[in-house]
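Hi,

Here is the structure I promised to pass on. Have it open while you read, and my notes follow below.

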Amino acid sequence: MTATDVFGPKAVVGMVHLLPLPGSAGWGGSMDGVLSRATLDARTLVDGGLHGVVVENYGDVPYFPGPVPAETVASMAAVVTALRGELDVPLGVNVLRNDGPAALAVAAAAGAAFIRVNVHTGSMFTDQGLIQGRAHETLRLRATLRASVAVFADVFVKHADPPAGTRLEDAARDACQRGLADALIVSGDSTGRPTDPAVVTRVKEAVPDVPVWVGSGATPETARLHLRTADGLIVGSALQRDGVAGRPVDAERVRRFMDAVSAG
């Protein structure tokens, strides 16, 4: 399973930022509320023409730096399973901050097509402290489960800094050649911040046979520029109310964004 198998070229995927899940600091006490909001957001994205959806436990701040508890895995599996029954597009799973094996387990159980892993190989200094890649766990679990689930791995993930001396190109090659990632994601320095096209080009040149996606900051004004180089876009806050991450998906923002992608 590769990223191209999942989407083909030049796809646009939207984020479903889940409300706080059971056990998190902001948990509101109702999974019905979580499911209702997730379904509405996902349906708005797909009806607006996006090619896929990533489900992420965005509301679970502060995040675990490593494995998440059972209640988070169970909650995300319930949401992704419900969306799988509603949508006819590929679904992705991202378990924040960095639980690739949990995301893989949810995807395999619920029928999702891919996962996003923030630190797949190497290490990054983050607001959760030092996070180290767990590619060995994620890929061994995928083999054990015989799961046709693609791994999209961030390179120099947002809200983080690499150890001194780490080169972008080396990190990209390691994620693919040693971590067996199926696609790479390049982002700005934080949620909603623009991705530098020059960085996308550097990663593409380092791993020319691997799809490279833009993971943050795409807007109607920059979408087509990014797609000249990148193989796809993951879009969150630009499609949400007032452009603020975590707010409901705004149908008019989705329309404007996809009109810009298809223009020309």
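The buried residues of helix 3 are a good place to begin: Thr72, Ser75, Met76, Ala77, Val79, Val80 and Leu83. Bear in mind that this is a predicted model. What do those buried residues pack against? Their partners are helix 2 (31–47), strand 2 (52–56), strand 3 (91–94) and helix 4 (100–110). I also checked the length of helix 3, which covers residues 70–86. With 17 residues at 1.5 Å a residue, helix 3 should span 24 Å, and its end C-alpha atoms are 25 Å apart, so the two values agree.

Now the sheet that helix 3 sits on. Eight strands close into a barrel, in the order 1-2-3-4-7-9-10-11, and the pairing is parallel. On average, neighbouring strands of this sheet are turned by 25° against each other, direction ignored. Helix 3 packs on the sheet by touching strand 2 and strand 3, and its direction makes about 170° with that of strand 3. Strands 2 and 3 run parallel and are joined by four bridges. If you want one pair to look at, take Glu56, whose bridge partner in strand 3 is Asn94. Helix 4, for its part, lies across strand 3 and strand 4 (114–117), and runs at about 165° to strand 4.

On to the inside. In soluble globular proteins, nonpolar side chains tend to be buried together. In this model the largest nonpolar core has 64 residues, and those that touch the most other members are Leu18, Val93, Ile115, Leu184, Leu233 and Phe257. Which helix gives the most to this core? That is helix 4, with six residues. Apart from this core lies another one of 14 residues, including Met15, Val54, Ala183 and Ile185. Leu184 is worth clicking on: leaving out residues up to four places away in sequence, its contacts include Ala153, Val155, Cys176, Val203, Val207, Pro211 and Trp213.

Then the charged pairs. How many salt bridges are there? The count comes to 17. Here are three of them, plus a network:

- Arg43 and Asp47 meet through their side chains, at 3.4 Å from N to O. They are four residues apart in helix 2, so about one helical turn separates them. Arg43 has 29% relative accessibility and therefore counts as partly exposed, whereas Asp47 is exposed at 57%.
- Asp189 and Arg193 form a salt bridge with their closest N and O atoms 3.8 Å apart. Asp189 counts as exposed because its relative accessibility is 55%, while Arg193, at 45%, counts as partly exposed.
- Arg255 and Asp259 have their closest N and O atoms 2.7 Å apart. Both lie in helix 9 (residues 251–262), four residues apart, or about one turn of the helix. Arg255 is partly exposed, with a relative accessible area of 40%, and Asp259 is partly exposed too, at 39%.
- Arg167, Glu169, Asp170, Arg173 and Arg202 are linked in a network of salt bridges.

Last, some backbone details in the loops. Where are the cis peptide bonds I noted? One joins Val61 and Pro62, with omega about -10°, and Pro62 is in the loop between strand 2 and helix 3. Another runs from Leu96 to Arg97, with omega near 5°, and Arg97 is placed in the loop between strand 3 and helix 4.

There are also positive phi values in residues that are not glycine. Arg146 has a phi of about 50° and is found in the loop between helix 5 (135–145) and strand 7 (150–154). Is Arg146 buried or exposed? Its relative accessible area is 79%, so Arg146 is exposed. Asp242 has a positive phi as well, near 60°. Asp242 is in the loop between strand 11 (232–235) and helix 9, and with a relative accessible area of 53% it is exposed.

That's my tour. Over to you!

Conventions: Residues numbered from 1 in each chain as written. Predicted model: local features only at pLDDT ≥ 70, side-chain atom pairs only at ≥ 80, totals over all residues. Heavy atoms only, no water. Helix = DSSP H or I, 4+ residues; strand = E, 2+ residues; numbered from the N terminus. Expected span 1.5 Å × (residues − 1). Buried < 20%, exposed > 50% of the residue type's maximum accessible area, 1.4 Å probe, protein only. Contact = heavy atoms within 4.5 Å. Core = buried A, V, L, I, M, F, W, Y, C linked by side-chain atoms within 4.5 Å. Pairing = 2+ DSSP bridges. Axes fitted to C-alpha atoms, helices over the stretch in contact; angles between N-to-C directions. Salt bridge = Lys/Arg side-chain N within 4 Å of Asp/Glu carboxyl O.
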